[in-house]
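Visitor: Hi, I have a structure open and could use a tour. Can we start with the big picture?

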Amino acid sequence: MHSGDGYLTPEELTHIRGRLTSGAALFVLYIVIAMPGIQDVVRDYELNDWETTEGTVFATPGILNWYLYSVDDVEYTGSKAAFRWSQTWSDNRSTQFNLHPPIGSSIEVFYDPDDHDFSRLIMPEYNHRKLIPFTGLAFAVLLALALVPPESPERKEKRKKASAERKEKRKKASAERLSVREKFVAADKEERKAAREKRVAETERPVAKGEPISFLHIIGGIVAFWILIMLLDSGILEDLPSGGGGGCGLDICGLCLAPFAAGGAALSRSSTGKFSDGQTGPSSKGHPDLAKVTYCLHTKDNGKKCTRMVMRQTGLCYQHQDSDAAEAYLEAIESDTSGDVLRYNIDGANKAISSKDIDGLVESLGEAKKFWVVDLGLDEAEFVQFTYDGDIDDDGIRDGQPVLEHWRGGRKILTNRIGLEKSLEILRSLLHGE
């Protein structure tokens, strides 16, 4: 460990200083941690030579002095039963003692041989099992610091070189992973760009560079359109289905889609919120009193009002010519010269009545078995409906109780779970504008 001339090298001096610093720090740490155990050892040594004598209890424990003892024919009194030391590392198992001895009973008294007036009745018993292994461990570490030789310069240099090589390998591997990732991202971008260009090329169509549309083509188109209008007006296409041949078929004059199919007579709710149980009746022919009706009067069997344009003043579209809605409308306006009628539906049957005959409307609604719906205007923007046993929560489950609903502008503005009589009173108030 020494140089050839008998002096310590700078590396050896640095090693010794480091060992001494570590040993001093370990010793201070040991003193701080083991101080309670060291204090127990000192107390055990001090109490080891205490002597005992027989004493007598002459008063109730707890007052100033309550037991008496004599040493060398000299009497002393005491009041302390045990030492008031805090719990330490040692197993402080105190001598068992009755803290409430009767007056006149004999007790064993421990006293200091150097100060006979200093006495106790309970002596602690120490067991230094925790301090001994800890102390041994601390001294073993100190001994290792003193005896383990310092690391040689060659070994230290080799260790530094190995650490540098590991760092270089990690750096190189990280660079390779980054390069592979960049190549993958670039290839993916190129592939997506090529696919996008291919899709654009496939969707593009060359612009036709032909002759301009001639005057004869325009005339032919106008004639064909006029012939189609004449066929529609003559009724030849009236009975043809509207769903054939892809697209919208022959549904040219209609402004809505074909009605949805609805099976059975069970009470249901349409997409507009109306109750429905549709029925159809005999067809209606053209009538002058229906000239002011623009949209079809039919209520489809799913409860949704048809919004197709009417055909030839029939009050019905080409697809609902067999509906009884126009016939009920005409019957109502015959009894009302003003032509102001109320349209309503009872258990799926379309009806109409004069707006002056509100009592007749209420009487008819009272005969409903399942539900009734009353339009408050021809535009169908506002209506009132009632059901005895309907789905009022839109959960597909019948609730088993009557309910009245008031709709306006496609929104439900009122829901009352009330009976028929109260519902009819509310309807009467709405019809009178109250």
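Guide: Sure. The protein has 7 helices and 13 strands. Keep in mind that this is a predicted model.

Visitor: How many of the residues in the protein are buried, as a percentage?

Guide: Buried residues are 29% of the 434 residues.

Visitor: And what about contacts between residues at least 24 apart in sequence, what share do they have?

Guide: Take the contacts between residues at least 6 apart in sequence. Of those, 57% join residues at least 24 apart.

Visitor: OK, on to the inside. How many residues are in the largest nonpolar core?

Guide: That core has 17 residues. Y344, L361, L365, W372 and V374 have the most contacts inside it.

Visitor: Which elements give two or more residues to this core?

Guide: Three strands and two helices do: β8 (341-346), β10 (371-375) and β11 (382-387), plus α6 (358-365) and α7 (420-431). The largest share is from α6, with 4 residues.

Visitor: Is there another core, and what's in it?

Guide: Another core lies apart from that one. It has 14 residues, including L290, V293, A326 and A352.

Visitor: Back to W372. What is it in contact with, beyond its neighbours within four places in sequence?

Guide: Its partners include N345, I346, L365, V384, Q385 and F386. Further on in sequence, W372 also touches L404, L420, S423, L424 and L427.

Visitor: Let's do α6. Which of its residues are buried?

Guide: I358, G360, L361, V362 and L365. Their cover includes β8, β9 (349-354), β10 and α7.

Visitor: How do α6 and α7 sit against each other?

Guide: Their axes come within 11 Å and cross at roughly 150°. Over 145 degrees counts as roughly antiparallel, so α6 is roughly antiparallel to α7. The crossing is right-handed.

Visitor: Which residues meet there?

Guide: From α6, I358, D359, L361, V362 and L365. From α7, L424, L427, R428 and L431. By class, the contact has 7 nonpolar residues, 2 charged and no polar.

Visitor: New topic: V403. Where is its place?

Guide: V403 is in strand β12, residues 403-408.

Visitor: Buried or exposed?

Guide: V403 counts as buried, because its relative accessibility is 0%. The cut-off for buried is under 20%.

Visitor: And how far apart are V403 and N416?

Guide: In sequence, 13 residues. In space, V403 and N416 are 5.6 Å apart, C-alpha to C-alpha.

Terms used:
Residues numbered from 1 in each chain as written. Predicted model: local features only at pLDDT ≥ 70, side-chain atom pairs only at ≥ 80, totals over all residues. Heavy atoms only, no water. Core = buried A, V, L, I, M, F, W, Y, C linked by side-chain atoms within 4.5 Å. Buried < 20%, exposed > 50% of the residue type's maximum accessible area, 1.4 Å probe, protein only. Contact = heavy atoms within 4.5 Å. Axes fitted to C-alpha atoms, helices over the stretch in contact; angles between N-to-C directions. Parallel < 35°, antiparallel > 145°, perpendicular 65-115°, else oblique. Left-handed = near helix turned anticlockwise from the far one by under 90°. Nonpolar A, V, L, I, M, F, W, Y, C, P; charged D, E, K, R; others polar.
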